[in-house]
Amino acid sequence: VLATAPVIFRAAQPPPAMGGTSSQPIDVRVTDRKSLTRELCLRRKDYESMQHRYVVEGLTNQQENSRNRVAELLHRAAIRDPEICQGGENSQVFMEASMLPLVISFLFGGALIRCFEVCPLWFVVYYKTLDQVFSKIDKGFKQYYGQSLHLEYARTDWSPVHVAEAGIRIDRILIARVTSHHVNHCTKVSYGYAYKSGQLAEEEENHNNKGYEDKTDPFECSFKFDTFSKGTSRSFWIHKDICRFHGDETRVAATQNITPVCVNDRIEIAVNLFNAMGLVDVDRVRWRPLEIFPVQERQCPIEQELFDWYDLDSFQSQSVERLQIPDFFSVQLRHISTEYAGIDVAVSRTQLRADAQGVVPQADRILGSRFEVLPRSSPIILPLKRVGLQHDRFTKIQLRQGDSILLYISQGGKMT
């Protein structure tokens, strides 16, 4: 249940994609394993009909019930009398549709995730309720970005947070198709938010109690991406730092923060709703107007520190590090060239090109992320990273045949 990798279904001659047009060459229906689990549960049994609800139909239809008796039953339903709230096996009274959102607000976090593991009925009902609670986020996204980003799919995701004490994060994932409105421009999507519980929520309340009430949301989260024409070969950089003075937490490669996308690709935006700082107030998640900027060259920051690049033989003679050409990803990623630079820290710059289709076998072990190469004409799903973060969500990175990668690897340095 806790798996997070997306599953993509493709057809050779499909109908139009959800929210797409008949010109779409490949039907892309996006779902994750949690959504797939829900779908498989509903195929087995109609669990949604087993959820507790106020039942008056059968009671009011009985001939022996007088008019006064029917009026009494309808009154009991109006005041939500628990005695006429009924459900199937494993369903509980507090799982009635109007009660469960209140229950979820108290359980949010690890306790809520445990509820998904009770039985198929609980999984289906709780998942549906989360969709209802977060629907206002989806509607706001459509309202602000409907012409530029066509929302095709929304789901709730949760994943473990690897810290000293086991934690969890919960996100509302929005998957939108990129239209041609802002080709050759950089687009910024952002939203303001505030916390409902946790230390930051208490600090805001104390701030407001002192008479400094500010109607603006105290926090903002933003995402940026560059849009190119359909069929354009993309290029982006990846930096893997394996210097000796770093710990294991840096073993995951950093990727370019501003993601290049093409028209008809799908972007994945994660609205974080629960983390170590507390629970976000859904009612205070407010989307901001779209911002457009000129496209600029996206260069790895390490390039600003290095100037002279050499081939392996020339650089090895002046370095104490044991170097090798990082041709680890064939046949999916074809090695083009490798250069070296640096003094105390040796840095390699390798150009790779997506060539053969399929999952890149060594990428997970070496780079800490899963990579997959798809056909040249295929739309791909691109998770966006929050501005300012080196790492955000750990998701699969999809490439198209012809895409290029500049892989930087830093190694060496002295232990302190």
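**Exercise 1. Identify which residue stands opposite E268, and place strand β12 among its partner strands.**

*Solution.* E268 stands opposite P383 in β20. The model is predicted, so to speak of local features requires pLDDT of at least 70 and side-chain atom pairs count only at pLDDT 80 or more, while totals for chains, interfaces and linings use all residues. Residues are numbered from 1 along each chain as its sequence is written, and side-chain values use heavy atoms, with hydrogens and water left out.

Step 1. Strands (E, at least two residues) and helices (H or I, at least four) are DSSP runs, numbered from the N terminus. Two strands pair if DSSP finds at least two bridges between them.

Step 2. Strand β20 (residues 381-383) runs parallel to β12, joined by three bridges.

Step 3. Strand β6 (residues 167-178) pairs with β12 in the antiparallel sense over eight bridges; here L174 stands opposite I269.

Step 4. Strand β13 (residues 278-279) is antiparallel to β12, with two bridges. G278 in β13 is the bridge partner of N275, and a hairpin of two residues joins β12 to β13.

Step 5. Burial completes the picture: 10 of the 10 residues of β12 (266-275) are buried, that is, under 20% relative accessible area, where exposed means over 50% and partly exposed in between (1.4 Å probe, protein chains only).

**Exercise 2. Determine which strands stand at the edges of the sheet β10-β9-β22-β17-β16.**

*Solution.* Step 1. The five strands form an open sheet in that order, with mixed pairing.

Step 2. β10 (254-255) and β16 (333-341) stand at the edges; each has a single partner strand, so one side of each is left without a neighbour in the sheet.

Step 3. Within this sheet, β9 (residues 235-241) and β22 (residues 404-412) pair in the parallel sense over seven bridges. The bridge partner of K240 is I409 in β22.

**Exercise 3. Repeat the analysis for the open sheet of three strands.**

*Solution.* Step 1. The order is β18-β19-β21, and the pairing is mixed.

Step 2. Because β18 (358-359) and β21 (397-400) each have a single partner strand, they stand at the edges, and one side of each lacks a neighbour in the sheet.

Step 3. β18 and β19 (residues 371-374) are antiparallel and share two bridges; V359 stands opposite E372 in β19.

**Exercise 4. Establish where the buried residues of helix α1 lie around its axis.**

*Solution.* Step 1. Helix α1 (residues 33-44) has 12 residues and reaches 16 Å from its first C-alpha to its last, close to the 16 Å expected at 1.5 Å a residue; the expected span is 1.5 Å times one less than the number of residues.

Step 2. Its buried residues are K34, S35 and C41. Seen down the axis of α1, they fall within an arc of 120°, so they line one face of the helix. The arc is that of the directions from the helix axis to the C-beta atoms.

Step 3. R43 and R44 are exposed, on the face of α1 turned away from its buried side.

**Exercise 5. State which rings K34 and R349 sit over, and describe the ring cluster.**

*Solution.* Step 1. A charge sits over a ring if NZ of Lys or CZ of Arg is within 6 Å of the ring centre and within 35 degrees of the ring normal.

Step 2. The charged end of K34 sits over the ring of W158, 5.0 Å from its centre. R349 lies over the face of W309, at 4.1 Å from the ring centre.

Step 3. Rings of Phe, Tyr and Trp (its six-membered ring) pair if their centres lie within 6.5 Å; planes under 30 degrees apart count as stacked, over 60 as edge-to-face and the rest as tilted. The count comes to 22 aromatic pairs. Ring pairs link F141, Y144, Y145, Y191, Y193, Y195, F219 and W287 into a cluster.
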